[in-house]
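Visitor: I should like to learn how a protein structure is read. May we go through an example together?

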Amino acid sequence: MALNEVKMEIGRSAEAAAAKIKAEADAEIAKIIADADAQISVMNEKEEKRLKDDIARLERQELSSADLEGKKIVLAKKKEVLAKAFDEALSSLENAPADKKLAQYKMMVASASKLITNPKAYLAECDKFTASDLGVSSVAVDCRMTGGIIFESEDGTLEVDMQYRTILQTIWDREIKSISDILFG
């Protein structure tokens, strides 16, 4: 019987050792799983933060892009309104009644005469003024003109451009900020 008891004792000892090893292994597995879960949790938190940051960045980019596109549309419309205002102002000058144009042209002659004595005047085809009407040496028609006068010295070396388009464009370029403020506030 002693051999059986030794066998049983060895068996119990082996089972106890196996149970202890299994318990240690289970504890180690639980620790590894807990560590892995903690690492996964940290990784998930980092990934969620990165994802939220990316979403916020993309939203800011989209808003910025939409804002920029909106500004482009508004700017295009403002340019369109300004171009229309310029064209209407030019048309108003070019299509003024003959008596009003004659008065304007005489002021232009007086101004140009300070630079050119006895100038020659070039007019648009629609203007039917004579040299004596304007007080110049001669009048010629320039089919490229639409309104206003170009003055030229007798020897052709000096020219003063007082076409409505030229005058209006000069004023327009100089005063575009003020014009824009008046139109758009």
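Guide: The following conversation takes up a long helix, a sheet and a loop in turn. Please keep in mind that this is a predicted model.

Visitor: How far apart are the end C-alpha atoms of α1, and what span should its residues give?

Guide: A helix can be checked by comparing an expected span with the distance in the model. At 1.5 Å a residue, the 93 residues of α1 should span 138 Å. The end C-alpha atoms of α1 are 134 Å apart, which agrees. A second distance concerns M8, a residue of α1. From C-alpha to C-alpha, M8 and K101 are 132 Å apart in space, and 93 residues separate them in sequence.

Visitor: Is M8 buried or exposed, or something in between?

Guide: Residues are sorted by relative accessible area, and the class between 20% and 50% is called partly exposed. M8 has a value of 49%, so it is partly exposed.

Visitor: Which residues of α1 are buried?

Guide: They are L82, F86, L90 and E94. Among the elements that cover these buried residues are α2 and α4.

Visitor: In what order do the strands of the sheet stand?

Guide: To read a sheet, one follows its strands from neighbour to neighbour. Here four strands form an open sheet in the order β2-β1-β3-β4, and their pairing is mixed. β2 and β4 each have a single partner strand, so one side of each has no neighbour in the sheet. On average, neighbouring strands are turned by 20° against each other, direction ignored.

Visitor: In which sense do β3 and β4 pair?

Guide: Their pairing is antiparallel and extends over five bridges. As for individual residues, I149 has M162 in β4 as its bridge partner.

Visitor: Which strands does helix α2 touch, and how does α4 lie?

Guide: Helix α2, residues 98-112, packs on the sheet and touches β1, β3 and β4. The direction of α2 makes about 25° with that of β3. Helix α4, residues 164-184, lies across β3 and β4 and runs at about 80° to β4.

Visitor: Let us end with a loop residue. Where is D142 found, and is D142 buried or exposed?

Guide: D142 is in the loop between β2 and β3. A residue counts as buried under 20% relative accessible area. D142 has 12% relative accessibility and therefore counts as buried.

Visitor: Which residue shares a polar side-chain contact with D142?

Guide: The side chains of D142 and R144 are joined by a polar contact of 2.9 Å. Beyond its neighbours within four places in sequence, D142 is in contact with Y122, L123, A124 and E125.

Note on methods: Residues numbered from 1 in each chain as written. Predicted model: local features only at pLDDT ≥ 70, side-chain atom pairs only at ≥ 80, totals over all residues. Heavy atoms only, no water. Helix = DSSP H or I, 4+ residues; strand = E, 2+ residues; numbered from the N terminus. Buried < 20%, exposed > 50% of the residue type's maximum accessible area, 1.4 Å probe, protein only. Polar contact = N/O pair within 3.5 Å; in protein donor to acceptor, adjacent residues only side chain to side chain. Contact = heavy atoms within 4.5 Å. Pairing = 2+ DSSP bridges. Axes fitted to C-alpha atoms, helices over the stretch in contact; angles between N-to-C directions. Expected span 1.5 Å × (residues − 1).
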